Amino acid sequence: MKNGSFSSFIAKEWRHILRERRTLVMLFAIPLALVLLFGYVISTDIDRTPIAVLDSSHGDPLARKLIRELTAAGQFRIVDEVRRETDIDAAFKKGTVKMVVVIPSGFGSDARRYGGAQVQLVTDASDLNVATTIIGYASGIVADLNAELNAAQGLSPVAGAPLRINVRMMYNPELKSAYMFVPGVIAMIVMIVAAMMTSVTLAREKETGTLRLLTVSPLKARTIILGKVVPYFALTAVNTALIMLLGTLVFGMPCYGSVWGVALLCSLFILSAIGLGILISSLVKTQQSALTSSLLGLLLPTMLLSGFIFPPANMPVVLQWICQAVPATWFIEGVKGLMLKGQPVTDVWLPLTVLGGMTVLLIGLALWMFSRRERPQP
């Protein structure tokens, strides 16, 4: 090949690439967005984690010092005070705290007998990653306080431990990772089957012209959409039920709450995912665009911004707000509340309400977009 022909061929390819804006977006914008997203999301640090204190020592000087040490570095902030041990479960079910520090009576006097004072750290282990991280930070702070107390007595930092730590993991005492990944896997499967497959299928019918034939038929838009929704809803519901059964029978995941409440939550989540799939198919023209949009706009947020793997509390405030717009965030929160914490359906009204609102909004918007874009204009 002559140099002139080769340079002309390269110049042609450059012109072709520069004309294709979608290609440029995939080449530059998507990698940059992923790097920034992963950089902010993947973090094991904790910051201002909400905790509660049950202080049975009634203001013992050492107890006050322990509380100051826990909050001084900024990893923890006290948002509640628990009066009785029986109130700890209620504090976690409200969802406002991640750890409860239990200080017994006679705390200061027991500490003078080395190994006699015990501080209990109670965490919500339905989210195992968060629970273990919180316990690690709190244990480190107590260890530093032990070294300080030893130094005040002129002892070696390793001479003994005036304070002992007793860890209690609620809702997952055996620390089973299945309690964390089963709800997340359900969320991923729903997004793959209900949302991505719906969007790709409708985009394929748009490419082949099948959808245009339907739109010129006497069928109404809602009838066409309903005909698309029902099969994928049924398939996704069966997949969800199978995963639930596997989680229960194979991995021992309990269901302390209402089975009908779990079924309602799953149904709303599936319908919201289908609404997203139909909406995406209304905005794109090709299967490739539908697949790319579903992967980037649905699967990645479900995996990274739903609390499935990384806790939203560790993310910047902007990403925390985006997490609230991800349907999987509310689904996972509701499933853990019903299955692991045994909350009644009335206690998970917020996830149910948000998912119900998202379902109505997304399917309504999808119907409007479908009628506007696909229906032939008179």
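Buried here means under 20% relative accessible area and exposed over 50%, with partly exposed in between (1.4 Å probe, protein chains only). By that yardstick Ile-309, at 30% relative accessibility, counts as partly exposed. The model is a predicted one, so local features need pLDDT of at least 70 and side-chain atom pairs count only at pLDDT 80 or more, while totals for chains, interfaces and linings use all residues. Residues are numbered from 1 along each chain as its sequence is written, and side-chain values use heavy atoms, with hydrogens and water left out.

To start with the overall picture, the protein chain has 14 helices and five strands; these are DSSP runs numbered from the N terminus (helices H or I, at least four residues; strands E, at least two). Of its 378 residues, 45% count as buried. Contact is taken as heavy atoms within 4.5 Å. Among contacts in the chain with a separation of 6 or more, 78% are between residues 24 or more positions apart.

Ile-309 sits in the loop between helix H11 (287-304) and H12. Leaving aside neighbours within four places in sequence, Ile-309 is in contact with Asn-129 and Met-303. Asn-129 is 180 residues away from Ile-309 in sequence, yet the C-alpha atoms of the two are 7.8 Å apart in space.

Next come the strands. Strand S1 (residues 49-55) is largely enclosed by the rest of the structure, because six of its seven residues are buried. Strands count as paired if DSSP finds at least two bridges between them. S1 runs parallel to strand S2 (residues 76-81), and five bridges join the two; in this pairing, Pro-50 has Arg-77 of S2 as its bridge partner. S1 is also joined by five bridges to strand S3 (residues 99-103), again in parallel, and here Ala-52 is partnered with Val-100 of S3. Together, S1, helix H3 (residues 61-72) and S2 make a right-handed β-α-β unit. Right-handed means that, with the strands pointing away from the viewer, the path from the first strand over the helix to the second runs clockwise.

What about the charged side chains? Side chains of opposite charge can pair when their charged atoms come close. A salt bridge is scored when a side-chain nitrogen of Lys or Arg lies within 4 Å of a carboxyl oxygen of Asp or Glu, and the structure holds seven of them. One of these brings together the side chains of Glu-148 and Lys-65, at 2.8 Å from N to O. Glu-148 lies in helix H6 (residues 128-152) and Lys-65 in helix H3, so the pair ties together parts that are 83 residues apart in sequence. Glu-148 is partly exposed, at 38% relative accessibility.

A more local case is Lys-93 with Asp-89, where the closest N and O atoms are 3.1 Å apart. These two residues are four apart in helix H4 (residues 88-93), so about one helical turn separates them. Both ends of this bridge are partly exposed, Lys-93 with a relative accessible area of 24% and Asp-89 at 26%. Glu-174 also forms a salt bridge, with Lys-176, and the closest N and O atoms there are 3.3 Å apart. Glu-174 counts as exposed at 59% relative accessibility, whereas Lys-176 is partly exposed at 27%. Elsewhere, salt bridges that share partners join Lys-65, Glu-69 and Glu-148 into one network.

Helix H10 (residues 259-283) contains Ser-281, which counts as buried at 4% relative accessibility. Not counting residues up to four places away in sequence, Ser-281 touches Ser-199, Leu-202, Ala-203 and Lys-206.

Finally, the pockets. On a 1 Å grid over the protein atoms alone, a pocket is an open set of points where a 1.4 Å probe fits, with protein on both sides within 12 Å along at least five of seven lines; lining residues have an atom within 4 Å of a point. Grid points are joined across faces, edges and corners, and a volume is the space filled by probe spheres set on the points. The largest pocket holds about 1400 Å³ of space. Its lining consists of 50 residues, and Gly-95, Lys-98, Pro-312, Ala-313 and Glu-333 lie nearest the centre. S1, H4, H6, helix H12 (317-324), helix H13 (327-340) and helix H14 (349-374) each supply at least two lining residues. H13 provides the largest share of that lining, seven residues.
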